[in-house]
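Me: Got a minute to go through this one with me? I'd like a quick tour before I dig in.

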Amino acid sequence: MSTDIIDRLAGIDPGSPLDRLRRRRPDAREHAQRGYLALFPQATGSDPGGGGAGEVSLVERYAVAAFVAGLHRDPESARHYDDLLAAHAPDLAAVVSAEVKAAATTGPYGIYPEGPLAGESVPGPVHRVGDRAALGDRLAAALEHAHLLVFRPREADPEALRALARAGWSTTGVVTLSQLVSFLTFQIRVVAGLRLLRTAQKGPRP
Amino acid sequence: MTAAPLAFTTDRLGWEPWVEPLAEAELTEAHREALVDRARAASPYFRLLARDPAVLHARTKTDLDVFHNADGGLPRAERELAATATSRRNGCVFCASVHARFAEHYGKRPDDVRRLLDEGVGAPQDQLWRAIVDASVALAATPPALTGDHLEALRAAGLDDLAISDALHAAAFFNWANRLMLSLGEPTAPETPAGKE
């Protein structure tokens, strides 16, 4: 089995047509993996070598990842990040799983400011965590921010970053958190796209 | 500095962070390596992302290969179209402005790009651009809504699997980029009149 996380989640075997296809874009393949290793160092034993490494704990990274992957409802990606969280913080895994169930919806949506785009505004839910005590202030704020980024990024504003700061997030921690959520929205979509391309590769479906 | 732009545009916009980037004087050699292109030290966006250099480096190298690797696959114009359509759908005025200009430059189809920005992702397009816009929009959904029908439409428009993969990577990458640009700062109106490059 490949050690590449996208290959594993998309079911791409070494030497298969999709493996050969991905190797036509070697830097994209390598650095999607390096991004994963930088964001989830413990999962892989890698050295994150980043300024954000000390600002965001490993359990926080796994908890946010399990939440984001759960919201995307891709079973393989969700299971992967659920398992990572469960291995490091089993009590938290159940709490995050309950948050996913409460927070799941369909996006992107959101309100545009007054002006020419206001007619395209689509109001939708703002997630507030259910069990703040179990999550703690930092993680509660992180999950609420992750929900904003996943479903209604057009509604992001300076107040959202101030809420993270009030919950104890440093500016560097905010950058790492934002990268983690945003990177996963990329990784999960690449996995979904490549898996579909793999299974639908023989031309028209029956 | 003038107020944030309210509509999608191909103007050259600025971008201001809501939290403090590293100062240029604070950048170490490791930070500058993470920027990949050292001229990016002038950009507050990249100096903000440089707070986590390992992830910035991975982001940038991924970006460059997805859009610039010219070994077969999808033409650059259509990769930029996927980026623009994704940004239009997610609501990233800044990202859409940059990649709409690239789509115009490489595709020589300014009217089609303009229609995508003005009317949105449902605006009429020819068969190839329709298939790319639709696949990008489906992939932008959470949960992703891409289906075999989208792949068939891309194949029917003449794309092979490498080109389809390029389109999907360009679209997927902009889900990453849109969220950073939208949530860490905001676009600012150009200080010089539109069209002066």
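Reply: Sure, here is a chat about the fold, the core and the chain contact; keep in mind that the model is predicted.

Me: Start with chain B. How many helices and strands does chain B have?
Reply: Chain B has nine helices and two strands. Reading from the N terminus, the order is β-α-α-α-α-α-α-α-α-α-β.

Me: What are the dimensions of its C-alpha trace?
Reply: Along the principal axes, the C-alpha trace of chain B spans about 55 × 35 × 30 Å. The radius of gyration of chain B is 17 Å, which agrees with the value near 16 Å for a compact globule of 197 residues.

Me: And what share of chain B is buried?
Reply: 52% of the 197 residues count as buried. As for contacts in chain B with a separation of 6 or more, 69% come from residues 24 or more positions apart.

Me: Any annotation on that chain?
Reply: UniProt, in an unreviewed entry, puts a "Carboxymuconolactone decarboxylase-like" domain at residues 53-118 of chain B. That span is 83% helix and 0% strand, and its end C-alpha atoms lie 36 Å apart.

Me: Let's look at α4(B). Why does its length look right?
Reply: Helix α4 of chain B covers residues 76-90, so at 1.5 Å a residue its 15 residues should span 21 Å, and the end C-alpha atoms are indeed 21 Å apart.

Me: Is α4(B) mostly covered or mostly open?
Reply: Mostly covered: 13 of the 15 residues in α4(B) are buried. Right after α4(B) comes Gly91(B), with a positive phi near 95°.

Me: Switching to the core. How many residues are in the largest nonpolar one?
Reply: The largest nonpolar core has 123 residues. Those with the most contacts inside it include Val64(A), Val68(A), Ile132(B) and Ala167(B).

Me: What does Ile132(B) touch?
Reply: Leaving out residues up to four places away in sequence, Ile132(B) touches Glu78(B), Leu81(B), Ala82(B), Ala85(B) and Ala167(B).

Me: Now the contact between the chains. How many residues from each?
Reply: Chain A puts in 61 residues and chain B 53 residues. On the side of chain A, α11(A) gives the most, with 18 residues. That side divides into 31 nonpolar, 20 polar and 10 charged residues.

Me: Last one: why does Thr3(A) count as exposed?
Reply: Thr3(A) counts as exposed because there are 9 C-beta neighbours inside 10 Å, and the cut-off for exposed is 12 or fewer. Thr3(A) lies in the segment before α1 of chain A.

How values were computed
Residues numbered from 1 in each chain as written. Chains lettered and ligands numbered in written order. Predicted model: local features only at pLDDT ≥ 70, side-chain atom pairs only at ≥ 80, totals over all residues. Core = buried A, V, L, I, M, F, W, Y, C linked by C-beta atoms within 7 Å. Buried ≥ 20, exposed ≤ 12 C-beta atoms within 10 Å, placed from the backbone. Contact = placed C-beta atoms within 7 Å. UniProt positions renumbered as here; feature names shortened; annotations may be inferred. Helix = DSSP H or I, 4+ residues; strand = E, 2+ residues; numbered from the N terminus. Nonpolar A, V, L, I, M, F, W, Y, C, P; charged D, E, K, R; others polar. Expected span 1.5 Å × (residues − 1). Rg over C-alpha atoms; globule rule 2.2 N^0.38 Å.
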